[in-house]
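Dear colleague,

Please find the structure below, followed by some notes on its aromatic side chains.

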Amino acid sequence: MVSVSSYYFLQQPTTITRHLLSSTRHVCCIPHVPPHLLTPYKYQFQIVNLSIAGSRVTETEMEVNGGAVSDPGTIRSQFLQLLRTRRNAQVPMTVEPAKPVVKPLFQEVTPPTFSEAMESCPKANIGNLKELLKEENLYLHTEAGDQGKLPVLILSTKGNNQEKRPAVVFLHSTHKCKEWLRPLLEAYASRGYVAIGVDSRYHGERASSLTTYRDALVSSWRNGDTMPFIFDTVWDLIKLADYLTGRDDIDPTKIGITGESLGVAAPIIGVQGFRWAIDNDKWQARVDSIKAVFEEARTDLGKNEIDKEVVEKVWDRIAPGLASQFDAPNTVPAIAPRPLLIVNGAEDPRCPLEGLEIPKTRAYKAYGDAHSDKFKLVAEPGIGHQMTPLMVKEASDWFDQFLK
């Protein structure tokens, strides 16, 4: 996961939003998108944000623990305006049937085969679970163009079609795809959830080679016409929220979102302070995870090596505001009073724990005594940038607490 800014659409249901999420009962646990921007305002429900693992700022501010924080409504509005500046032509949101993916594309030379953390996810003791699972594959058209076609995988258990269930959206990590999430989807489905996995932009069915995502990042630096690092996927999540809240089998007041690293709202190894990392020279590990775009920028800027100036210019170009008004110090407290869980590794170099001190302090202040049980930050000792069974269990318990 990345920073809080990635989680915007989950906060009000997520982190980004058109009308997305404005209040009631949503839980976010995704690592790659700023939760408060994902909430559709037109839906009266609260999103719980879980986090494991960032235009212009108006004068509307609130004081939180001595620091000026942009008003949550203002931040959401600004973020939505930003998203619209780099959108292709708008099209009516339509649903297209799809077939199961037989050979998922992983943008890694050696594709992963097993995840102990995901396999450890709590599941109901159902002997014939495979037979009871209902699988749906579909495409949501969120805007014109190839990347406007959002691949969706939905798992639930067969049963009473009149029953409305809680739902959880899962985001995969960098270079993976929705099929990689299947152990989590099956586990949540067994416990009565509608479990949804999607391919992020330039990943999975939206990729054509091992370098699709890398090439998209470089193109964004060169042309400034897309935002492949988190923000474009937030747009998809807003549209997905519209679709999910209209389904007969989903309770629109009980929708959560979570993910790993590139994931989104109840982020697992996904929340960090981008500004803090630049100011404290702790940006290297994050940069190394998508280094090609920074090398391209270094060359264009006439630098001999990547330095903080290069890093800041890249973020400003491919994800405007990520290291300023849409960064964790503003976006994390903006999620209050919706439930928010942040789960990180205590030794994670991509999401340094020290960079969350200000966001954490402001969040505690924003939640206050009345809602202190709705904010939790877990830092697993001795763990770097990796998802663990403990993190998966923490997220699972959090969703059960607030969505069941």
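Which residue has its charged end over the ring of Tyr 139? It is Lys 149, whose charged end lies 4.4 Å from the centre of that ring; a charge counts as over a ring if NZ of Lys or CZ of Arg is within 6 Å of the ring centre and within 35 degrees of the ring normal.

Please note that this is a predicted model, in which local features need pLDDT of at least 70 and side-chain atom pairs count only at pLDDT 80 or more, while totals for chains, interfaces and linings use all residues. Residues are numbered from 1 along each chain as its sequence is written, and side-chain values use heavy atoms, leaving out hydrogens and water.

Searching the whole structure gives 13 aromatic pairs (rings of Phe, Tyr and Trp, the last by its six-membered ring, with centres within 6.5 Å; planes under 30 degrees apart are stacked, over 60 edge-to-face, the rest tilted). Among them, Tyr 188 and Phe 399 meet edge-to-face, at 6.0 Å between centres and 80 degrees between planes. This pair joins helix H4 (residues 182-190) to helix H13 (residues 389-403), across 211 residues (helices being DSSP runs of H or I, at least four residues, numbered from the N terminus). Both Tyr 188 and Phe 399 are buried, that is, under 20% relative accessible area with a 1.4 Å probe and protein chains only. Tyr 188 and Phe 399 also belong to one aromatic cluster with Phe 170 and Tyr 193, and Arg 191 lies over the face of Tyr 188, 4.5 Å from the ring centre.

Within helix H13, Trp 398 and Phe 402 are four residues apart, about one turn of the helix. Trp 398 counts as buried because its relative accessibility is 4%.

With best wishes

Definitions and conventions:
Helices (H or I, at least four residues) and strands (E, at least two) are DSSP runs, numbered from the N terminus. Buried means under 20% relative accessible area, exposed over 50%, partly exposed in between (1.4 Å probe, protein chains only).
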